[in-house]
Amino acid sequence: MVTPRLALRPRDPHEEHRAATPLELFTDLCYVVAIAQAALQLHHAISEDHVGHGVLFFGIAFFAIWWAWLNFAWFNSAFDSDDPLNRVLTLLQISGSLVVAAGVPRLFEEDFTLIVVGYVIMRVGLVAMWLRASRGHPGGRATCHRYVLGLVAVQLGWVVFLWAPHDLLVPAFLVLALADLAVPFWAEQSGPTPWHPHHIAERYSLMFIIVLGETVLSTTVAIQVAIDGETIGWRAGLVVVGGLLVVFSAWWLYFSRDTGDVLSGDNDVNPFVWGFGHYFIFASGAALGAGLAARIDYYSHHSEISDVVSSAFVTGPAAVFLMALWAVHLRLHDSSVRTWGPLVLVLAGLVAVTSVPWSELWAGVLCCALLVLELRPQKAVPVAA
């Protein structure tokens, strides 16, 4: 017979005033260590002219970080009881995330060992959580068991992946990443988990703030190093102003609409598209920090890349962010030409300014222009008599 303390009952998805717990906030803070490592490695890869390799393995590293966070966030939205056992299992997952963070530099050298070890640690805790949920949620037991089976099976695949031939590392990674993404689709076929719309929207918004914070930090550190070397002068101001305009606009655009209301409304919003699509929002935000730092390297003559290439790693992430933001977030509120029309113009502008002087400043101005257009008041629709 199962003891009550081992069971984990589902949370009410309509619970009022549901907010992130201190443990969830602490978890996010620990994940930012891994994000910072990934952005730092991308920064070095760009400045050392290993662009293709850097982008590829940044994408892989960020997937590993984001996917671990996503699994924890959605489970806790549905089942978090914040009891002592749940805290212990969460802290175990945090320990695994720190192992993943430590493994990010090696990942850029095509060594996945620490990443896989970190995932083994995290998934021991996550599987135990799903088993607890299956005991406390009889109506969703089949779904919980599917999550357990899927997580264990895919994780065994990741362990075997460590012995894959070097030439097959990337294809094997893509196959296993798709298998990981398929687990929630398969599991939820037995019944959806009772996640809380406003809570999950808050969790994603908090992670977005952390990503932007890392972007500001990486840029600040790069500027400090350049100024200490006395080789950059006024051009540091261009990066500061342009970078801050992009970051401030990104923050304002993201929070210009209430996602919780859309997720909880009758809008046929696909939670998988919304949840998984944030990969591009988060990853482009972190990549922007790496691009701004690489831009500082170019101005201070510590880079092996051209002006256009260093510029593209500012305008490129900004463009990806804006496209992903519209596709995942803004269109849910208004998919008319009112939102996508200005977006297309700004995206064209970002492409155009990539090859002109002071591109980071122009990118900031364009993002601000999009913000102004997005926030313009809508015309009232006349009501027929």
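# Briefing: a pocket, ring pairs and salt bridges

The largest pocket in this structure holds about 520 Å³ of space. Of the 22 residues that line this pocket, Phe-58, Gly-59, Tyr-279, Phe-280 and Ala-283 are the closest to its centre. The structure is a predicted model, and the points below take up its pocket, one of its helices, its aromatic pairs and its salt bridges in turn.

**The pocket lining**

- Four elements each give two or more residues to the lining of the largest pocket, namely α2 (51-79), α6 (169-187), α10 (271-299) and α11 (307-333).
- When the lining residues are sorted by class, 19 are nonpolar and 3 are polar, while no charged residues appear in the lining.

**Helix α2**

- The helix α2 has 29 residues, and at 1.5 Å a residue it should span 42 Å, which agrees with the 42 Å between its end C-alpha atoms.
- This helix is mostly covered, since 24 of the 29 residues in α2 are buried.

**Aromatic pairs**

- A pair of aromatic rings is described by two quantities, the distance of the centres and the angle of the planes.
- The count for this structure comes to 35 aromatic pairs.
- In one of these pairs, the ring centres of Phe-79 and Trp-130 lie 5.7 Å apart and the ring planes meet at 75°; because planes over 60 degrees apart count as edge-to-face, the pair is edge-to-face.
- This pair links distant parts of the chain, with Phe-79 in helix α2 and Trp-130 in helix α4 (residues 113-136), 51 residues apart, and both Phe-79 and Trp-130 are buried.
- The rings of Tyr-298 and Tyr-299 have their centres 5.8 Å apart and their planes at 55°, so this pair is described as tilted.
- Tyr-298 has a relative accessibility of 26% and therefore counts as partly exposed, whereas Tyr-299, with a relative accessible area of 7%, is buried.

**A salt bridge from a loop to helix α13**

- A search of the whole structure finds 9 salt bridges, and one of the salt bridges joins the side chains of Arg-257 and Glu-374, with a distance of 2.7 Å from N to O.
- Arg-257 lies in the loop between α8 (235-254) and α9 (259-264), while Glu-374 lies in helix α13 (residues 359-374), so that the pair links distant parts of the chain, 117 residues apart.
- The relative accessibility of Arg-257 is 23%, so this residue counts as partly exposed, whereas Glu-374, at 3%, counts as buried.

**Salt bridges at Arg-295, and a network**

- Arg-295 forms a salt bridge with Asp-307, in which the closest N and O atoms are 2.6 Å apart.
- Because Arg-295 lies in helix α10 and Asp-307 in helix α11, this pair ties together parts that are 12 residues apart in sequence.
- With a relative accessibility of 0%, Arg-295 counts as buried, while Asp-307, with a relative accessible area of 26%, is partly exposed.
- Arg-295 also meets the side chain of Glu-360 in a salt bridge, at 2.8 Å from N to O.
- This second pair links distant parts of the chain, with Glu-360 in helix α13 and Arg-295 in helix α10, 65 residues apart, and both Glu-360 and Arg-295 are buried.
- Elsewhere, Glu-24, Asp-28 and Arg-203 are joined into one network by salt bridges that share partners.

Terms used:
Residues numbered from 1 in each chain as written. Predicted model: local features only at pLDDT ≥ 70, side-chain atom pairs only at ≥ 80, totals over all residues. Heavy atoms only, no water. 1 Å grid on protein atoms, 1.4 Å probe; cavity = no way out; pocket = protein on both sides within 12 Å on 5 of 7 lines; lining within 4 Å. Points joined across faces, edges and corners; volume = space filled by probe spheres on them. Nonpolar A, V, L, I, M, F, W, Y, C, P; charged D, E, K, R; others polar. Phe/Tyr/Trp six-rings, centres within 6.5 Å; stacked < 30°, edge-to-face > 60°. Buried < 20%, exposed > 50% of the residue type's maximum accessible area, 1.4 Å probe, protein only. Expected span 1.5 Å × (residues − 1). Salt bridge = Lys/Arg side-chain N within 4 Å of Asp/Glu carboxyl O.
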